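Student: I have this structure open on my screen and would like a close look at a single part of it. Could you take me through one helix and what it meets, step by step?

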Amino acid sequence: MYLKRSTLNYLILIFLILLFLIQVIFLLPSPYGDSNTFLELSFYICREDLFIASRGGESLRSSPLYPFYHHGWFYYYLLAKFNLPCSLRGIFVFNYILILITSLFSYKILNKVENNYFIKTFVLLLICLLQISLQFRPEVFTIFISVLLIYFLKKNYNFLIGILFAFLFYTQPVIMCFLGLFLLIFYYKKIIKNLIKILFGFIIFFIFLTYVYPYSLLDFIQGIYNNRSTFVAGTPYEFILKDLYSYYIIPKFIPFWGILFLII
């Protein structure tokens, strides 16, 4: 169905208003699964300046607390520092702003490579829904950093590229490796030419973030190593089918208005 550009603009505006109402006003969708464990870290940082959380899969009320040696801490550190009232609404406001900024920079990137306004709108909607579906997992911030990396690379902001890779290392190191490989393949001439500036930005902020993190770099690496089974153990066949059904056929986390927008 052909839609005028003005109509798509109105739909985008309605989408953002609905997203604000649902996320910021009604505090939906409610955090679940691993999001609760990660958010527990954020609230401990915010209220007591402690990098601790319970282990995933355990009851948050009764399980013992452990030092947080896992990936993702930087996102929740920012979430804690910008959540001034240390409230549940504060984290939803932060994520809403994060989604808006991600959408803005995604639009700037797509505007350079795609002339079809409908396709740009559709891609932006998918990115937005993906961040909503991930809720408060580190991948939400990883998508934000990845979009900024592509944008800054095109703008030759080499020092900032190094800074973002340092952020990504303490947020999602596996994705940092994949994204670094992807950028190196497609932009190797530009990266090699500006490698010193990129490395300088990375080293400066890597040292800074390592200083901010209350545990040692070796503790962080050990924590990732202990969590290696998440990536290499594999998933039983029946769970693959269940995940396919739950997350791709009728995903419960996508609000009804998001599906309606896709149909329109």
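Tutor: Happy to; here is a walk around helix α4, from its partner helix to the loop before it and then to two residues in other loops. Please keep in mind that this is a predicted model.

Let us begin with the pairing. Helix α4 covers residues 88-113 and helix α5 covers residues 117-134. Their axes come within 10 Å and cross at roughly 150 degrees. Angles over 145 degrees count as roughly antiparallel, and α4 and α5 are therefore roughly antiparallel to each other. As for the hand of the crossing, α4 passes α5 in a right-handed one.

Which residues meet there? On the α4 side you can pick out I99, T102, S103, S106, Y107, L110 and N111. Facing them from α5 are Y117, K120, V123, L124, I127, C128, Q131 and I132. Sorted by character, the residues of this contact divide into nine nonpolar, five polar and one charged. One of the α5 residues, C128, has a relative accessibility of 2%. Buried means under 20%, so C128 counts as buried.

Now step back along the chain to the loop between α3 (73-82) and α4, where you will find C86. A disulfide joins C86 to C46, with an S to S distance of 1.7 Å. In general terms, a disulfide is a covalent bond between the sulfur atoms of two cysteines. The count for this model comes to one disulfide. The partner, C46, sits in helix α2 (residues 34-48), and the two cysteines are 40 residues apart, so the pair links distant parts of the chain. Look along the S-S bond and you will find -90 degrees about it, a left-handed link. C86 itself has a relative accessible area of 15%, and so is buried.

Finally, two loop residues have backbone angles to check while you have the model open. Most residues other than glycine have a negative phi. L27, in the loop between α1 (5-25) and α2, has a positive phi near 55 degrees. N156, in the loop between α6 (138-155) and α7 (158-169), also has a positive phi, about 65 degrees, although it is not a glycine. How exposed is each of them? L27 has a relative accessible area of 19% and is therefore buried, while N156, at 42% relative accessibility, counts as partly exposed.

Technical notes:
Residues are numbered from 1 along each chain as its sequence is written. This is a predicted model: local features need pLDDT of at least 70, side-chain atom pairs count only at pLDDT 80 or more; totals for chains, interfaces and linings use all residues. Side-chain values use heavy atoms; hydrogens and water are left out. Axes are lines fitted to C-alpha atoms, for helices over the stretch in contact, and angles run from 0 to 180 degrees between N-to-C directions. Helices (H or I, at least four residues) and strands (E, at least two) are DSSP runs, numbered from the N terminus. Angles under 35 degrees count as roughly parallel, over 145 as roughly antiparallel, 65 to 115 as roughly perpendicular and the rest as oblique. A crossing is left-handed if the near helix is turned anticlockwise from the far one by less than a right angle, and right-handed if clockwise. Contact means heavy atoms within 4.5 Å. Ala, Val, Leu, Ile, Met, Phe, Trp, Tyr, Cys and Pro count as nonpolar, Asp, Glu, Lys and Arg as charged, and the others, Gly among them, as polar. A disulfide is a pair of cysteine sulfur atoms within 2.5 Å. Buried means under 20% relative accessible area, exposed over 50%, partly exposed in between (1.4 Å probe, protein chains only).
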